[in-house]
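Hello,

Here is the structure I promised to pass along. Have a look at it first, and then read on for what turned up.

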Amino acid sequence: MRRWLPFPVISAMLLGTWLLLNESLSTGQLLLGGILAVAGSWILVRLEAPSLLFRRLRVILRLGLEVIVDMARSNYRVARLIIRDKPDRTPGFVRIQLKVRSHYSLALLACIVTATPGTSWVAYEPANNVLIIHVLDLVDDDDWGEIIRVRYEGLLKEIFE
Amino acid sequence: MSTIENLPLWAAILISALLVIGSSLALIGSIGLLRFKTFYERVHAPTLGTTMGLFTILAASMLYFSLAQTRPVVHEILIGIFVTTTTPITFMFLVQATLYRDRFEGGDPLAGLSEEQPQVKTPNDP
(Lines give C-alpha, C1' and ligand atoms only; values in the text may rest on other atoms or scores of the structure.)
Protein backbone atom coordinates (compact mmCIF):
# COMPACT_ATOMS: atom_id res chain seq x y z
CA MET A 1 0.00 0.00 0.00
CA ARG A 2 2.68 2.47 1.10
CA ARG A 3 4.77 1.51 -1.85
CA TRP A 4 2.12 1.77 -4.51
CA LEU A 5 0.22 4.71 -3.07
CA PRO A 6 2.61 6.85 -1.04
CA PHE A 7 0.19 9.79 -0.92
CA PRO A 8 -3.34 8.38 -0.79
CA VAL A 9 -5.04 11.72 -0.04
CA ILE A 10 -3.26 13.57 -2.83
CA SER A 11 -3.88 10.68 -5.26
CA ALA A 12 -7.59 10.79 -4.47
CA MET A 13 -7.60 14.54 -5.05
CA LEU A 14 -5.80 14.17 -8.37
CA LEU A 15 -8.31 11.55 -9.49
CA GLY A 16 -11.19 13.79 -8.37
CA THR A 17 -9.72 16.74 -10.24
CA TRP A 18 -9.29 14.70 -13.39
CA LEU A 19 -12.87 13.42 -13.30
CA LEU A 20 -14.25 16.90 -12.61
CA LEU A 21 -12.20 18.33 -15.42
CA ASN A 22 -13.54 15.78 -17.88
CA GLU A 23 -17.04 15.73 -16.36
CA SER A 24 -17.23 12.00 -16.79
CA LEU A 25 -17.27 8.79 -14.75
CA SER A 26 -16.61 6.43 -17.66
CA THR A 27 -14.22 3.49 -17.25
CA GLY A 28 -11.71 5.08 -19.61
CA GLN A 29 -11.55 8.32 -17.70
CA LEU A 30 -11.38 6.48 -14.37
CA LEU A 31 -8.44 4.46 -15.68
CA LEU A 32 -6.64 7.51 -17.08
CA GLY A 33 -7.28 9.46 -13.90
CA GLY A 34 -6.06 6.54 -11.81
CA ILE A 35 -2.80 6.35 -13.74
CA LEU A 36 -2.35 10.09 -13.37
CA ALA A 37 -3.08 9.93 -9.63
CA VAL A 38 -0.57 7.17 -8.96
CA ALA A 39 2.10 8.72 -11.19
CA GLY A 40 1.57 12.07 -9.50
CA SER A 41 2.15 10.63 -6.06
CA TRP A 42 5.35 8.98 -7.24
CA ILE A 43 6.60 12.34 -8.47
CA LEU A 44 5.89 13.73 -5.00
CA VAL A 45 8.04 10.97 -3.50
CA ARG A 46 10.87 12.08 -5.77
CA LEU A 47 10.35 15.65 -4.63
CA GLU A 48 10.59 14.45 -1.02
CA ALA A 49 7.31 16.08 -0.06
CA PRO A 50 6.33 15.54 3.56
CA SER A 51 3.51 13.05 3.88
CA LEU A 52 0.02 14.50 4.07
CA LEU A 53 -2.58 13.22 6.47
CA PHE A 54 -5.91 14.81 7.14
CA ARG A 55 -6.99 14.27 10.68
CA ARG A 56 -10.54 15.53 10.90
CA LEU A 57 -12.87 16.25 8.05
CA ARG A 58 -15.20 18.24 10.30
CA VAL A 59 -12.41 20.62 11.29
CA ILE A 60 -11.56 21.15 7.62
CA LEU A 61 -15.17 22.05 6.87
CA ARG A 62 -15.25 24.43 9.83
CA LEU A 63 -12.06 26.10 8.65
CA GLY A 64 -13.49 26.40 5.13
CA LEU A 65 -16.67 28.00 6.40
CA GLU A 66 -14.79 30.43 8.60
CA VAL A 67 -12.53 31.44 5.71
CA ILE A 68 -15.52 32.06 3.43
CA VAL A 69 -17.19 34.27 6.04
CA ASP A 70 -13.96 36.19 6.68
CA MET A 71 -13.36 36.53 2.96
CA ALA A 72 -16.79 38.06 2.39
CA ARG A 73 -16.37 40.39 5.36
CA SER A 74 -12.91 41.61 4.40
CA ASN A 75 -13.98 42.04 0.77
CA TYR A 76 -16.71 44.37 1.94
CA ARG A 77 -14.31 46.24 4.22
CA VAL A 78 -11.66 46.76 1.57
CA ALA A 79 -14.24 47.75 -1.07
CA ARG A 80 -15.56 50.40 1.33
CA LEU A 81 -12.03 51.61 2.04
CA ILE A 82 -11.33 52.01 -1.68
CA ILE A 83 -14.55 53.86 -2.44
CA ARG A 84 -14.34 56.24 0.51
CA ASP A 85 -10.55 56.48 0.51
CA LYS A 86 -10.40 57.93 3.99
CA PRO A 87 -7.12 59.72 4.64
CA ASP A 88 -6.60 58.58 8.23
CA ARG A 89 -6.12 54.97 7.20
CA THR A 90 -3.01 53.46 8.75
CA PRO A 91 -1.44 50.67 6.72
CA GLY A 92 1.39 48.77 8.30
CA PHE A 93 3.36 45.60 8.82
CA VAL A 94 2.65 43.16 11.62
CA ARG A 95 4.96 40.53 13.05
CA ILE A 96 3.29 37.35 14.17
CA GLN A 97 4.88 34.58 16.17
CA LEU A 98 3.48 31.35 14.72
CA LYS A 99 3.09 28.01 16.40
CA VAL A 100 2.38 25.86 13.34
CA ARG A 101 5.44 24.72 11.45
CA SER A 102 4.44 22.08 8.93
CA HIS A 103 4.70 22.96 5.24
CA TYR A 104 1.05 22.22 4.60
CA SER A 105 -0.17 24.43 7.45
CA LEU A 106 1.97 27.31 6.22
CA ALA A 107 0.85 26.82 2.62
CA LEU A 108 -2.81 26.85 3.61
CA LEU A 109 -2.24 29.83 5.88
CA ALA A 110 -0.68 31.67 2.92
CA CYS A 111 -3.80 30.93 0.86
CA ILE A 112 -6.05 32.18 3.67
CA VAL A 113 -4.06 35.37 4.28
CA THR A 114 -4.07 36.14 0.56
CA ALA A 115 -7.74 35.22 0.13
CA THR A 116 -8.78 37.80 2.70
CA PRO A 117 -8.18 41.20 1.11
CA GLY A 118 -6.74 43.66 3.59
CA THR A 119 -4.01 41.28 4.68
CA SER A 120 -1.12 40.11 2.54
CA TRP A 121 1.75 37.76 3.19
CA VAL A 122 5.07 39.60 3.19
CA ALA A 123 7.74 37.35 4.63
CA TYR A 124 8.29 34.26 6.71
CA GLU A 125 11.34 33.69 8.86
CA PRO A 126 11.83 29.93 9.26
CA ALA A 127 14.56 30.36 11.89
CA ASN A 128 12.25 31.80 14.53
CA ASN A 129 8.92 30.85 12.91
CA VAL A 130 7.81 34.45 12.51
CA LEU A 131 5.36 35.59 9.86
CA ILE A 132 5.19 39.18 8.66
CA ILE A 133 1.98 40.36 7.05
CA HIS A 134 0.93 43.71 5.66
CA VAL A 135 -2.40 45.07 6.83
CA LEU A 136 -4.24 47.67 4.76
CA ASP A 137 -5.94 49.33 7.70
CA LEU A 138 -4.79 48.75 11.25
CA VAL A 139 -8.08 49.51 12.95
CA ASP A 140 -7.54 50.69 16.53
CA ASP A 141 -5.66 47.95 18.30
CA ASP A 142 -6.90 44.96 16.40
CA ASP A 143 -4.39 42.39 17.50
CA TRP A 144 -3.63 40.63 14.22
CA GLY A 145 -1.37 38.11 15.86
CA GLU A 146 -4.22 37.13 18.10
CA ILE A 147 -6.69 37.02 15.18
CA ILE A 148 -4.51 34.65 13.16
CA ARG A 149 -3.74 32.50 16.18
CA VAL A 150 -7.31 32.18 17.42
CA ARG A 151 -9.13 31.89 14.10
CA TYR A 152 -6.84 29.77 12.00
CA GLU A 153 -3.82 28.43 13.78
CA GLY A 154 -5.68 26.17 16.19
CA LEU A 155 -7.68 24.62 13.38
CA LEU A 156 -4.61 24.24 11.15
CA LYS A 157 -2.78 22.51 13.94
CA GLU A 158 -5.69 20.15 14.45
CA ILE A 159 -5.79 19.29 10.75
CA PHE A 160 -2.14 18.84 9.88
CA GLU A 161 -0.05 18.38 13.00
CA MET B 1 -30.37 22.32 -23.93
CA SER B 2 -32.44 25.41 -23.38
CA THR B 3 -31.58 29.00 -24.16
CA ILE B 4 -31.45 32.06 -21.98
CA GLU B 5 -35.12 32.95 -22.63
CA ASN B 6 -36.28 29.74 -20.97
CA LEU B 7 -34.56 30.45 -17.67
CA PRO B 8 -36.95 30.89 -14.75
CA LEU B 9 -37.20 34.48 -13.53
CA TRP B 10 -35.66 33.82 -10.10
CA ALA B 11 -32.62 32.23 -11.72
CA ALA B 12 -32.18 35.07 -14.19
CA ILE B 13 -32.31 37.61 -11.35
CA LEU B 14 -29.95 35.62 -9.13
CA ILE B 15 -27.44 35.01 -11.92
CA SER B 16 -27.41 38.66 -12.99
CA ALA B 17 -27.05 39.80 -9.37
CA LEU B 18 -24.05 37.49 -8.86
CA LEU B 19 -22.47 38.70 -12.10
CA VAL B 20 -22.99 42.36 -11.22
CA ILE B 21 -21.54 41.85 -7.72
CA GLY B 22 -18.53 40.00 -9.10
CA SER B 23 -17.73 42.49 -11.81
CA SER B 24 -18.26 45.45 -9.45
CA LEU B 25 -15.73 43.93 -7.04
CA ALA B 26 -13.24 43.52 -9.88
CA LEU B 27 -13.86 47.15 -10.91
CA ILE B 28 -13.48 48.45 -7.35
CA GLY B 29 -10.27 46.45 -7.04
CA SER B 30 -8.92 48.10 -10.18
CA ILE B 31 -9.88 51.55 -8.87
CA GLY B 32 -8.03 50.71 -5.66
CA LEU B 33 -4.99 49.77 -7.71
CA LEU B 34 -5.02 53.31 -9.10
CA ARG B 35 -5.85 55.08 -5.85
CA PHE B 36 -3.48 53.52 -3.35
CA LYS B 37 -0.11 55.19 -3.05
CA THR B 38 2.43 52.56 -2.00
CA PHE B 39 3.13 49.17 -3.51
CA TYR B 40 2.30 47.27 -0.33
CA GLU B 41 -1.16 48.86 -0.22
CA ARG B 42 -1.72 48.36 -3.92
CA VAL B 43 -1.21 44.61 -3.57
CA HIS B 44 -4.44 44.41 -1.59
CA ALA B 45 -6.75 45.93 -4.18
CA PRO B 46 -6.79 43.31 -6.95
CA THR B 47 -7.46 40.53 -4.43
CA LEU B 48 -11.08 41.68 -4.43
CA GLY B 49 -11.36 40.35 -7.96
CA THR B 50 -9.48 37.14 -7.26
CA THR B 51 -11.49 36.18 -4.17
CA MET B 52 -15.11 37.22 -3.76
CA GLY B 53 -15.35 38.59 -7.31
CA LEU B 54 -14.12 35.32 -8.74
CA PHE B 55 -16.39 33.19 -6.58
CA THR B 56 -19.59 35.09 -7.35
CA ILE B 57 -18.89 34.89 -11.08
CA LEU B 58 -18.10 31.16 -10.81
CA ALA B 59 -21.32 30.65 -8.85
CA ALA B 60 -23.25 32.47 -11.57
CA SER B 61 -21.59 30.31 -14.23
CA MET B 62 -22.36 27.07 -12.36
CA LEU B 63 -25.97 28.10 -11.82
CA TYR B 64 -26.53 29.18 -15.41
CA PHE B 65 -24.98 26.17 -17.10
CA SER B 66 -26.55 23.73 -14.64
CA LEU B 67 -30.00 25.12 -15.42
CA ALA B 68 -29.40 25.57 -19.14
CA GLN B 69 -28.06 22.04 -19.62
CA THR B 70 -30.31 20.49 -16.95
CA ARG B 71 -27.42 18.64 -15.35
CA PRO B 72 -25.06 19.67 -12.57
CA VAL B 73 -22.10 21.62 -13.96
CA VAL B 74 -19.57 22.05 -11.19
CA HIS B 75 -16.14 21.97 -12.79
CA GLU B 76 -15.88 25.73 -12.20
CA ILE B 77 -14.88 24.75 -8.66
CA LEU B 78 -11.52 23.75 -10.12
CA ILE B 79 -10.95 27.28 -11.41
CA GLY B 80 -11.59 28.56 -7.90
CA ILE B 81 -9.17 26.07 -6.37
CA PHE B 82 -6.42 26.73 -8.92
CA VAL B 83 -6.69 30.51 -8.64
CA THR B 84 -6.83 30.46 -4.82
CA THR B 85 -3.78 28.22 -4.52
CA THR B 86 -1.67 30.03 -7.11
CA THR B 87 -2.29 33.74 -6.32
CA PRO B 88 -0.28 33.60 -3.06
CA ILE B 89 2.76 32.48 -5.07
CA THR B 90 2.54 35.44 -7.46
CA PHE B 91 1.95 37.84 -4.60
CA MET B 92 4.89 36.53 -2.60
CA PHE B 93 7.17 36.93 -5.60
CA LEU B 94 6.01 40.48 -6.16
CA VAL B 95 6.33 41.47 -2.52
CA GLN B 96 9.73 39.80 -2.14
CA ALA B 97 10.99 41.61 -5.23
CA THR B 98 9.78 44.93 -3.82
CA LEU B 99 11.29 44.21 -0.41
CA TYR B 100 14.58 43.40 -2.10
CA ARG B 101 14.56 46.65 -4.03
CA ASP B 102 13.58 48.69 -0.98
CA ARG B 103 16.42 47.16 1.01
CA PHE B 104 18.81 47.66 -1.87
CA GLU B 105 17.90 51.33 -1.98
CA GLY B 106 18.50 51.60 1.74
CA GLY B 107 14.95 51.88 3.00
CA ASP B 108 14.00 48.59 4.60
CA PRO B 109 10.30 48.93 5.43
CA LEU B 110 10.59 46.13 7.99
CA ALA B 111 13.59 47.62 9.77
CA GLY B 112 11.77 49.43 12.55
CA LEU B 113 9.18 46.75 13.03
CA SER B 114 8.59 46.20 16.71
CA GLU B 115 8.87 42.70 18.04
CA GLU B 116 5.55 41.23 18.90
CA GLN B 117 5.22 40.34 22.55
CA PRO B 118 6.00 36.66 22.96
CA GLN B 119 3.15 34.58 24.28
CA VAL B 120 4.66 33.30 27.47
CA LYS B 121 7.38 35.42 28.96
CA THR B 122 8.53 35.37 32.53
CA PRO B 123 10.14 38.72 33.21
CA ASN B 124 13.34 38.77 35.21
CA ASP B 125 13.81 35.10 35.76
CA PRO B 126 15.91 34.67 38.90
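**What I found**

Asp70(A) sits in helix H3 of chain A, which covers residues 57-84. Please keep in mind that this is a predicted model. Is Asp70(A) buried or exposed? The answer lies in between: Asp70(A) is partly exposed, because 18 C-beta neighbours fall inside 10 Å, and a buried residue would need 20 or more. Measuring from C-alpha to C-alpha, Asp70(A) is 32 Å from Asn22(A), with 48 residues separating the two in sequence.

On the broader layout, chain A splits into domain 1 (8-46) and domain 2 (57-160). Between the C-alpha centres of these two domains of chain A there are 32 Å.

Next, the sheet. Chain A has an open sheet of three strands, ordered E1-E3-E2, with antiparallel pairing. At its edges are strand E1 (92-97) and strand E2 (119-125) of chain A, each of which pairs on one side only. From one strand to the next, the twist averages 25°. Six bridges link E2(A) to strand E3 (residues 130-135) of chain A, in the antiparallel sense. Across this pairing, Tyr124(A) has Leu131(A) of E3(A) opposite.

Two helices of chain A pack on the sheet. Helix H4 (residues 103-115) of chain A touches E2 and E3 of chain A, and its direction makes about 150° with that of E2(A). Helix H5 (residues 144-160) of chain A touches E1 and E3 of chain A, with its direction at about 45° to that of E1(A).

Happy to talk it through whenever suits you.

Best wishes

How values were computed:
Residues are numbered from 1 along each chain as its sequence is written. Chains are lettered from A and ligands numbered from 1 in the order in which they are written. This is a predicted model: local features need pLDDT of at least 70, side-chain atom pairs count only at pLDDT 80 or more; totals for chains, interfaces and linings use all residues. Domain bounds come from an automatic or database domain assignment. Helices (H or I, at least four residues) and strands (E, at least two) are DSSP runs, numbered from the N terminus. A residue is buried if 20 or more other C-beta atoms lie within 10 Å of its own, exposed if 12 or fewer, and partly exposed in between; C-beta atoms are placed from the backbone. Two strands pair if DSSP finds at least two bridges between them. Axes are lines fitted to C-alpha atoms, for helices over the stretch in contact, and angles run from 0 to 180 degrees between N-to-C directions. Two residues are in contact if their C-beta atoms, placed from the backbone, lie within 7 Å.
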